[in-house]
Every structure is written in C-alpha cells, then in structure tokens.
Amino acid sequence: MNPTIEILNRLSHSSFRRQFKLTSNELDFIRQFGMERVIDDAHNLLRIGLPSFHRESPGADLIGKEGDPARKAMLACGLCCRRCLASWHQIPQTEDLVERELHHFLSLLLSWFHQQKRRPNCSAFARSHSAGPSQLALF
C-alpha cells in the first residue's frame, strides 16, 4: 500500500485527528491566497518548527491559529510536534528531520487537502482552484 494512503487511513481512525476539517474561514483563505500559498506556508512551518529535536516547544506555533489551512492540515496529519511525528510517522524525537522526510510530509498534506475537497460540503473548495492551472497541478 502507498505510505501516504496508509498513514491517512491510520489517521482516519483517530477521533482526535478526524475532527480536523476545513472551515469556511479556511476555505476563504484558500480562495483568496491560493493553494500554492497554503503549501508554501506548510513547507515553512515544517522547516522552521519541526526539523530539530532541540527546540524548546515544538508544535507551539500551530496552536490557536484559526483560519490557517496549513496549520489545520498539519494537526490533522500528526505533523504538529515531534512527539506526534514519533507516534504517527515513526520518526524518533531525537533525530533531526531530513529533506526527504519534509517532502513526504508535504505530499501527505496535499493528499489530506485532496480528501477535504472531496467532502460533500466542500464544493466551495473545488471552485477556489479555478484561479489557474498551476494551482490545479498541485492535485
């Protein structure tokens, strides 16, 4: 089985992770700024917030940021802190992340967004990608 599908399947069995769904504010953010911006934001958060196990409070930047779809996706995918990376992605807390892992996480986030756009009440999400072909290419 594809590792991304496998992890999304495992995450879907967690009542905590399953509660994260895109809100109308987050859909508005995607409509306004585009999917490329959301993925860039996620990439920056991953590079700054999670790579080093030496960080004092990993994941703290994700708390309390309503309306930010990148942060919501990271919480939904178990990418919020080093403890969750160890639990969900089997990456020891005592090891720094490598670029290959960051790319895998971005792929996971894109897959999560793809799942969100297929939700019945997210038809507005599909319309938000009409800005141009480069954004559609992300899916």
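Contact here means heavy atoms within 4.5 Å. By that criterion, and leaving aside neighbours within four places in sequence, K72 is in contact with F20, K21, T23, E26 and W112. The model is predicted. K72 has its place in helix α5. This lysine is buried, with a relative accessible area of 12%.

The surroundings of K72 are those of a covered helix. Eight of the eight residues of α5 are buried. They are P69, A70, R71, K72, A73, M74, L75 and A76. The list thus includes R71 and K72 alongside A70 and A73. These buried residues pack against α1, α2, α3, α4 and α7.

The overall fold is helical. The protein chain has nine helices and zero strands. From the N terminus on, its elements run α-α-α-α-α-α-α-α-α. The chain comprises 139 residues, and 47% of them count as buried. Its accessible surface comes to about 7600 Å². Carbon and sulfur atoms hold 52% of that surface. Contacts across the sequence were also assessed. Among contacts with a separation of 6 or more, 69% join residues 24 or more positions apart.

The interior was examined next. In soluble globular proteins, nonpolar side chains tend to be buried together. In this model, the largest nonpolar core has 36 residues. The residues with the most contacts inside this core are L46, C77, L79, F105, L109, W112 and F113. Two or more residues come from each of α1 (3-12), α3 (24-33), α4 (35-49), α5 (69-76), α6 (82-89) and α7 (99-117). Helix α7 gives the most, with seven residues. L109 illustrates the packing. Apart from neighbours within four places in sequence, L109 is in contact with A42, L46, A73, M74, C77 and L79. Two of these partners, A73 and M74, are among the buried residues of α5.

Cysteine pairing was checked across the whole structure. The search finds zero disulfides. The cut-off for such a bond is 2.5 Å between cysteine sulfur atoms. For C77, the closest cysteine sulfur is in C80, 9.9 Å away, so the two are too far apart for a bond. C77 is buried, with a relative accessible area of 0%. For C84, the closest cysteine sulfur is also in C80, at 3.5 Å. That distance is too far for a bond as well. C84 counts as buried, at 11% relative accessibility.

Helix α1 was followed through two of its residues. R10 lies in this helix. At 31% relative accessibility, R10 counts as partly exposed. R10 touches S87, W88 and Q90, residues up to four places away in sequence not being counted. R10 and C77 are 67 residues apart in sequence, yet their C-alpha atoms are 9.8 Å apart in space. I5 is also found in α1. I5 counts as partly exposed, at 47% relative accessibility. Its C-alpha atom is separated by 8.3 Å from that of L108, 103 residues away along the chain.

Q90, one of the residues touched by R10, has a backbone feature of its own. Most residues other than glycine have a negative phi. Q90 is not a glycine, but has a positive phi of about 55 degrees. Q90 lies in the loop between α6 and α7. At 53% relative accessibility, Q90 counts as exposed.

Open space was the last point considered. Rolling a probe the size of a water molecule over the atoms shows where empty space is left. The largest pocket has a volume of about 190 Å³. Its lining consists of 13 residues. S12, R18, W112, Q115 and Q116 lie nearest the pocket centre. Helices α1, α2 (15-18) and α7 each supply at least two lining residues. W112 connects several of these results. This tryptophan is among the core residues with the most contacts, is in contact with K72, and lies among the residues nearest the pocket centre. Helix α7 likewise recurs. It gives the most residues to the largest core, is packed against by the buried residues of α5, and supplies at least two residues of the pocket lining.

Notes: Residues are numbered from 1 along each chain as its sequence is written. This is a predicted model: local features need pLDDT of at least 70, side-chain atom pairs count only at pLDDT 80 or more; totals for chains, interfaces and linings use all residues. Side-chain values use heavy atoms; hydrogens and water are left out. Helices (H or I, at least four residues) and strands (E, at least two) are DSSP runs, numbered from the N terminus. Buried means under 20% relative accessible area, exposed over 50%, partly exposed in between (1.4 Å probe, protein chains only). Accessible areas come from the Shrake-Rupley method with a 1.4 Å probe; for residues, only the protein chains shown count as cover. A nonpolar core is a set of buried Ala, Val, Leu, Ile, Met, Phe, Trp, Tyr and Cys residues joined through side-chain atoms within 4.5 Å. On a 1 Å grid over the protein atoms alone, a cavity is a set of points where a 1.4 Å probe fits but cannot get out, and a pocket is an open set with protein on both sides within 12 Å along at least five of seven lines; lining residues have an atom within 4 Å of a point. Grid points are joined across faces, edges and corners, and a volume is the space filled by probe spheres set on the points.
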